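Got the viewer open? Let's take a walk through this one together, one selection at a time.

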Amino acid sequence: MGVRDRVSHRACWRLPWSPRSTPRLSTPLTMDFGSSSSHDNAWNSLCNVVEYSGIFDSEKRQPHSRCMENTRVALRESLRQLLGQPDRTNVWLNGLAGVGKSSIAFSIAEEMKTVNKLAATFFFSQKHAQKASAIIPTIAYQLALVFPRIKSDIVKAIEGDKMLLSSDKSRSDQMRELVIKPLQTLRFRQETPYVIVIDALDESSSAEEAARLVALLTATLAGQDLPNIHLVFTSRPETHIRAAMHSRVYEILLTTRDKDTIQDVRFFLRASLDRTRTNRPTVFGQPPIPWPSEDDFESLAFKAGGLFVYAAMASNFISAARHNPKERLDLLLREKSTVTADIDQLYRQIIATSEDPVAHCRMLASIIHLYKPLPLAELQELFHADKESLAVMLEAFSSIILNPRDGNVEIYHASLREFMKDSLPSEYHVDHAHAHQRLACYCLDYFVRREPMAPRDPWFVLADAWRSCYPFVYWVHHLSTTYSSIKLRDLLAQFTEKTLQHWVPHSDRGVLDILEWRLRETRDTCLSFTWMRSPSDIVLAWRIHQAFRKTAKLHQAFRKTVKRRNIHA
């Protein structure tokens with residue numbers, strides 16, 4: 001019998017009912033419902049700030065990256081033993097990009113969840129617009145589901161401090177009230193060691209945020225009055241993360257030269273190529289002929305070295321639809337590498353196979369610089385003028401871009417973002433500002449090409465649309481980080497002449513609040529020295545300023561009306 005089973009339950013007695021003994025309570029039902037309502041509101045507030053893309057098996061993270069069967073066997077067994085110990089153990093798996101850290105982290109989390117030992121996860125990803133302020137609430141949310149006993153403690157903390165979930169609240173306060181204090185109630189009830197997995201620390205919002213999170217979790221969860229919870233971190237071997245790690249952390253370095261890792265990559269490559277051979281009877285016949293040759297396989301395995309991401313993208317490239325796998329493999333092997341695991345060379349070869357590398361790299365850079373990933377239908381609507389080129393690019397780069405039927409269009413691995421930034425050949429290079437310039441043009445074009453709508457059309461009137469539709473939410477952000485260009489100026493002029501004239505008088509109070517702020521930001525951008533180049537630019541800035549003043553005036557009138565109504569009420 002476990003500690004939880006040995007806990008004595010409070011006895012309850014049912015007293016005989018008597019009218020004289022019944023206390024007089026004022027509106028007891030109202031008080032109960034009010035308490036329940038307050039409890040529900042606090043829980044809903046927590047659910048609303050949870051970063052679901054950080055939970056390891058969230059649908060937002062599809063397709064999930066896990067270790068292939070019969071790979072990482074020794075490493076996973078070692079971790080299994082470490083995490084089964086009754087004493088607290090903090091594990092740091094670190095290694096270069098592409099060695100399979102996230103796949104290992106996912107497999108660990110999946111296994112721990114299967115045996116009911118997973119407390120919480122947070123998987124950082126630059127693919128998703130994750131907020132640093134949501135990390136602790138997301139962990140608390142998962143803890144409340146795993147340990148139902150502490151849910152009420154978490155809810156009470158939120159009820160007691162209305163700002164506890166705010167992004168302005170200190171992480172230390174959030175950790176103490178949402179995690180540590182509730183967990184302290186489980187000390188004598190929870191003997192089983194649990195695990196919290198934090199993946200890809202190096203992809204968090206900033207180096208400082210990653211270091212703060214490591215220090216906070218390792219320090220606060222080490223208390224003797226807490227249940228045993230192991231921490232597993234994964235990241236690149238960054239200096240700032242290493243400095244924040246506690247001295248007692250168990251470090252596991254994943255290298256591309258490790259024999260077991262190289263063997264696992266070879267196993268993965270062999271299985272992937274065999275699957276391609278079996279699934280393409282028009283190329284390899286039925287039954288399929290042997291392929292590739294041992295020499296070709298050894299050459300490909302040498303290129304991959306210990307990088308799973310190279311093996312995965314090379315397999316995707318070789319097996320791409322409407323291409324001959326033999327020819328694609330020959331293309332990869334054509335240039336002999338002098339070193340193993342040359343992932344940049346793989347990216348260069350894939351880009352070189354595109355029909356229009358320059359145009360497609362520009363579009364790829366635009367996708368990478370989106371503030372949040374979009375599903376294909378929304379991406380096509382945003383990239384309206386280049387819709388056909390988008391389709392061709394997605395097919396050409398299908399080995400490095402994920403385009404699921406029911407998900408978002410995203411890059412396969414974070415290393416592509418770094419390659420586009422630092423290692424892309426100069427003739428294809430797109431810098432940060434020019435990528436945002438294209439996205440600002442796409443957003444303004446989206447507005448301009450829409451016909452003026454009815455005064456009560458919900459697309460313009462409802463604030464919810466302004467908080468969810470990508471061009472409405474992010475056009476100012478792209479505009480404020482870009483270079484000016486003739487096309488951008490022309491679109492902005494059309495926007496002020498056509499779209500703004502309709503938006504301002506037909507917006508409700510919720511939209512005016514948002515529109516006022518965005519017009520202020522746009523005005524300030526257009527008045528900057530980087531924009532002011534001709535008299536027409538002054539006219540443009542003046543139009544935006546006039547729209548801003550009119551919006552602010554209408555917004556102020558709304559506020560006065562509401563205030564008068566409240567006074568009379």
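Start by selecting Glu51, which is buried and yet has no salt bridge. What is the nearest side chain of opposite charge, and how far away is it? That would be Lys60, 5.1 Å away, while a salt bridge needs a side-chain nitrogen of Lys or Arg within 4 Å of a carboxyl oxygen. Keep in mind as you click around that this is a predicted model.

Zoom out a little to see where Glu51 sits: in the loop between α2 (28–49) and α3 (73–83). Now add Ser53 to your selection. The side chains of Glu51 and Ser53 make a polar contact, at 2.9 Å.

Next, show what else Glu51 touches. Leaving aside residues up to four places away in sequence, the list is Phe122, Ala129, Gln130, Lys131, Ala134 and Thr138. Two of those names lead to the next stops: Thr138 belongs to helix α5 (residues 135–146), and Phe122 lies in strand β2 (residues 118–123).

Take the helix to begin with. Select α5, residues 135–146: you get twelve residues, reaching 17 Å from the first C-alpha to the last. That is close to the 16 Å expected at 1.5 Å a residue. Is α5 mostly enclosed or mostly open? Ten of its twelve residues are buried, so the helix is largely enclosed by the rest of the structure. To check, colour the buried ones: Ile135, Ile136, Pro137, Thr138, Ile139, Ala140, Tyr141, Gln142, Leu143 and Ala144.

Now for the strand. Select β2 along with β3 (residues 194–199). These two run parallel and are joined by five bridges. For a landmark, find Ala120, which stands opposite Ile196 in β3.

Stay on β3 and turn on its side chains. In a regular strand, side chains alternate between the two faces of the sheet. Here, Tyr194, Ile196 and Ile198 point one way, and Val195, Val197 and Asp199 point the other. How many of the six residues of β3 are buried? Six of the six, so this strand is largely enclosed by the rest of the structure.

Then add strand β4 (residues 229–235), which pairs with β3 in the parallel sense, again over five bridges. Look for Ile198 standing opposite Phe233 in β4.

Ready for another part of the chain? Select β6 (residues 374–375) and β8 (residues 408–411). They run antiparallel, with two bridges between them, and Leu374 has Val409 of β8 as its bridge partner. Add β7 (residues 401–402), which also pairs with β8 in the antiparallel sense over two bridges. In this pair, Leu402 stands opposite Glu410. Trace the chain from β7 to β8 and you will follow a hairpin with five residues between the strands.

With these three on screen, what order do the strands take in the sheet? It is an open sheet, ordered β6-β8-β7, with antiparallel pairing. β6 and β7 stand at the edges with a single partner strand each, so one side of each has no neighbour in the sheet.

Finally, clear the selection and look at the whole chain. It has 26 helices and eight strands. Of its 569 residues, 48% count as buried. Among contacts between residues at least 6 apart in sequence, 78% join residues at least 24 apart.

Technical notes:
Residues are numbered from 1 along each chain as its sequence is written. This is a predicted model: local features need pLDDT of at least 70, side-chain atom pairs count only at pLDDT 80 or more; totals for chains, interfaces and linings use all residues. Side-chain values use heavy atoms; hydrogens and water are left out. Helices (H or I, at least four residues) and strands (E, at least two) are DSSP runs, numbered from the N terminus. Buried means under 20% relative accessible area, exposed over 50%, partly exposed in between (1.4 Å probe, protein chains only). Lys and Arg count as positive and Asp and Glu as negative; His and the chain ends are not counted. A polar contact is a pair of N or O atoms within 3.5 Å; within protein, one must be able to donate a hydrogen and the other to accept it, and residues adjacent in sequence count only if both atoms are side-chain atoms. Contact means heavy atoms within 4.5 Å. The expected span of a helix is 1.5 Å times one less than its number of residues. Two strands pair if DSSP finds at least two bridges between them.
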